2 protein chains.
Amino acid sequence: MVELPIRLNDKPHEALMSVWWTSLMLKKISTKIFQPELASEAQFNILVLLKEAHKPLTQNDLSRKLLVDKSNITGLLDRLEKQGLLVRTNVEGDRRSYHIELTREGRRVVNKLDKRYTSAVESVMNELSAEEHEALISLTKKVRSGIIKQLEE
Amino acid sequence: MVELPIRLNDKPHEALMSVWWTSLMLKKISTKIFQPELASEAQFNILVLLKEAHKPLTQNDLSRKLLVDKSNITGLLDRLEKQGLLVRTNVEGDRRSYHIELTREGRRVVNKLDKRYTSAVESVMNELSAEEHEALISLTKKVRSGIIKQLEE
DNA sequence: TATTGTTATACTCTATAACTATA
DNA sequence: TATAGTTATAGAGTATAACAATA
């Protein structure tokens, strides 16, 4: 799996597939890391977003940031709320919306997973130098801006 | 979404998350590209693997190459076979196994999607130069080798 | 009229374990 | 005993459309 499972003749395609397969593998280890506290990466993404946000987020905010439809955000939050990791609170001035807030337990869990996750990340990313980290950031950012254009077409 | 939705203080983590979010976006466009012929990226991965393979593949081969459990390969192939895109044929000398082969229709579909996919890839990857393609390939390969080590721990 | 969130529906994928047939 | 594939099950994510309450 370090090598791509297929051979490609053109480099742009190979580069994209290389990103793709890397993320597929990332997904495999992430599943291990998040268990047993969380069921999925989607749940982790939500908790991290809530943790890092400097202001309260609505379900709509989460939907836009995570590219997940609002109808599915409802279900994701239901499961996390049921586990006691977050709560919906009323928004003053807009009775249609909720602010999503981590509970104390939610904060504990996300911090714990973040540690576990960060240590796995360190071990993985030790393969690369500081310059290579920078390069990878800048290259994938370019890929994303290509994707944005593609999405707009 | 060109910018990561969260700010990170350390570069290795940022680099990994950048790969992660890029793949999340890739997944979004891939869903568009595969429809209506295929239901998922998992199905496309199987067809591409079959197309590129230079020898017949068994379900076990697919399972190992795609990191998908063999029990789930069964279901994936069932759906693709039902659509007439592939067939299971007996393997001479091992009555436990099947060789999975694309049908004429399967070949037609994978070629069609591959074209659609390739043209989207080109448009996305035009953002990068030839040298950058090479760099991205080599960097993500390093990340994968880090992941392999992590998986072995 | 537009927006926020919910409900309903119907697939698809995934993880796990127990099972059959064959090697 | 080990291996290839199937079956069964339950949980989780996704896409889509219709809906209620509020703005």
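Welcome to this structure: a polar side-chain atom of A:T74 lies 2.7 Å from a phosphate oxygen of DNA strand C. Keep in mind that the model is predicted. Below are two topics to explore, the surface near the DNA strand and the salt bridges.

**Around DNA strand C**

- On chain B, a polar side-chain atom of B:R79 is 2.6 Å from a phosphate oxygen of DNA strand C.
- The side chain of A:S97 has an N or O atom 3.1 Å from a sugar or linking oxygen of the strand.
- Two or more residues each are given to this surface by α3 (59-66) and α4 (70-82) of chain A, and by α2 (41-52) and α4 (70-82) of chain B.
- The largest share, 4 residues, comes from α4(B).
- There are 22 residues around DNA strand C, and those that come nearest include A:Q59, A:N60 and B:S40.
- Of the strand's atoms that come within 4 Å of the protein, 62% belong to sugar and phosphate.
- Sorted by class, the surface has 10 polar, 8 charged and 4 nonpolar residues.

**Salt bridges**

- Over all chains, the whole structure holds 26 salt bridges.
- A:E37 pairs with A:K112, with their closest N and O atoms 3.1 Å apart.
- A:E37 sits in the loop between α1 (11-34) and α2 (41-52) of chain A and A:K112 in helix α5 (residues 104-125), so this pair ties together parts that are 75 residues apart in sequence.
- A:E37 is buried, at 18% relative accessible area, while A:K112 is partly exposed, at 38%.
- A salt bridge network links A:K11, A:E14 and B:E134.

Note on methods
Residues numbered from 1 in each chain as written. Chains lettered and ligands numbered in written order. Predicted model: local features only at pLDDT ≥ 70, side-chain atom pairs only at ≥ 80, totals over all residues. Heavy atoms only, no water. Near = heavy atom within 4 Å. Polar contact = N/O pair within 3.5 Å; in protein donor to acceptor, adjacent residues only side chain to side chain. Nonpolar A, V, L, I, M, F, W, Y, C, P; charged D, E, K, R; others polar. Salt bridge = Lys/Arg side-chain N within 4 Å of Asp/Glu carboxyl O. Buried < 20%, exposed > 50% of the residue type's maximum accessible area, 1.4 Å probe, protein only.
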